[in-house]
Amino acid sequence: MIKIFYASVALAALAAPANAQDGSWTGYYAGAEIGAGFSHPGFDGPSAVSSSDFSDTAFIGGVYVGHDWQAGQFVYGGVASFDFLGFHNQNSSHVVVDPIFGGKTHSYNYDLDWVASARARAGFLASDQFLLYGTAGVAVSRFETSSSTTGILGGADAVNTTKVGGAFGAGVEYAFAPHWALKTEYVHYVFNNVHVGGNGADQVTFKPSFGTLNFGISYRF
């Protein structure tokens, strides 16, 4: 899909006039993006379970809108985005041998489906058509976690929570035709800990952290 995306952009760039951005980056824009996500949550629990057990790479896709102002070679503004994430049912389990009650299986699950962000961005024009920028702001995502233990004293717990966190990254944007631009952007997201398993010895902690590498195309109004 990404190869098709780049091929389409290349054809459009060949057909575009030299002054594709038409002299100004000031204005509103809206676009769509696709890419890959890289989830690496921390995990604090039984030593038999590792943080890497919950790491995942998945397809992502979404939309974004924003507004820029240009001042000479500098461009600054704000952007809001919403992306669907494919980090589903990351899980791990381990067995504990109990001399009285026999073997017990402890299982943990970590899942997130979407992320929304509102970010500032500021950058420098390497040329009239080529923008290098950094971005930072706030993000919101919903996390679904669960834990369960089999056996006589077993039980289960689930926590579904929406958290506000931070987002920061960098990207490049190229105006390949009048009103049209292509971007490549990496954004990293971090959130406060999610606890599951009650308040006793069975409690475990997830530390949400993931990044997205997006390829987007937008129309500037």
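Q: Does Lys104 count as buried or exposed?
A: The cut-off for buried is under 20% relative accessible area. In this predicted model, Lys104 has 14% relative accessibility, so Lys104 counts as buried. The residue lies in strand 5, which covers residues 102-125.

Q: How far apart are Lys104 and Thr149 in sequence, and how far in space?
A: Compare the two separations. Lys104 and Thr149 are 45 residues apart along the chain, while their C-alpha atoms are 6.6 Å apart.

Q: Which pattern does the protein follow along the sequence?
A: Count the elements, then read their order. The protein has one helix and 11 strands. The helix comes at the start of the pattern, and the strands follow: α-β-β-β-β-β-β-β-β-β-β-β.

Q: What percentage of contacts join residues at least 24 apart?
A: The count takes contacts between residues at least 6 apart in sequence. In this protein, 67% of them join residues at least 24 apart. As for burial, 42% of the 221 residues count as buried.

Q: In what order do the three strands of the open sheet stand?
A: Read the sheet from one edge to the other. The order is 2-10-9, with antiparallel pairing. Strand 2 (42-44) and strand 9 (194-196) are the edge strands, each pairing on one side only. On average, neighbouring strands here are turned by 20 degrees against each other, direction ignored.

Q: Over how many bridges do strand 2 and strand 10 pair?
A: Three bridges hold this antiparallel pair, in which strand 10 spans residues 204-207. As an example of partners, Gly42 is matched with Lys207 in strand 10.

Q: How many salt bridges does a search of the whole structure find?
A: The search finds seven. One of them joins the side chains of Arg119 and Glu185, at 3.5 Å from N to O. This pair links distant parts of the chain, since Arg119 is in strand 5 and Glu185 is in strand 8 (residues 180-190), 66 residues apart. Both Arg119 and Glu185 are buried.

Q: With which residue does Arg121 form a salt bridge?
A: Its partner is Glu173, and the closest N and O atoms are 2.8 Å apart. Arg121 belongs to strand 5 and Glu173 to strand 7, with their positions 52 residues apart in sequence. Burial is read against the cut-off used for Lys104: Arg121 has a relative accessible area of 6% and is therefore buried, and Glu173, at 2% relative accessibility, counts as buried too.

Q: Why does the salt bridge of Arg220 and Glu173 tie together parts that are apart in sequence?
A: Arg220 and Glu173 meet through their side chains at 3.9 Å, N to O. Arg220 lies in strand 11 (residues 209-220) and Glu173 in strand 7, so the pair ties together parts 47 residues apart in sequence. Arg220 is buried, with a relative accessible area of 6%. Elsewhere, salt bridges with shared partners join Glu33, Arg119, Lys183 and Glu185 into one network.

Q: Which residues make the nonpolar surface patch of about 280 Å²?
A: Look for nonpolar side chains on the surface. Here the patch is made by Phe130, Leu132, Val172 and Tyr174. Strand 6 (130-149) and strand 7 (155-177) are the elements that give two or more residues to the patch. Tyr174, in strand 7, has 32% relative accessibility and so counts as partly exposed. For the protein as a whole, the accessible surface comes to about 10600 Å², and 62% of that belongs to carbon and sulfur atoms.

Methods
Residues numbered from 1 in each chain as written. Predicted model: local features only at pLDDT ≥ 70, side-chain atom pairs only at ≥ 80, totals over all residues. Heavy atoms only, no water. Helix = DSSP H or I, 4+ residues; strand = E, 2+ residues; numbered from the N terminus. Buried < 20%, exposed > 50% of the residue type's maximum accessible area, 1.4 Å probe, protein only. Contact = heavy atoms within 4.5 Å. Areas by Shrake-Rupley, 256 points an atom, 1.4 Å probe, with all protein chains shown as cover. Patch = residues over 30% accessible without salt bridge, like charges linked within 9 Å, V, L, I, M, F, W, Y side chains within 5 Å. Salt bridge = Lys/Arg side-chain N within 4 Å of Asp/Glu carboxyl O. Pairing = 2+ DSSP bridges. Axes fitted to C-alpha atoms, helices over the stretch in contact; angles between N-to-C directions.
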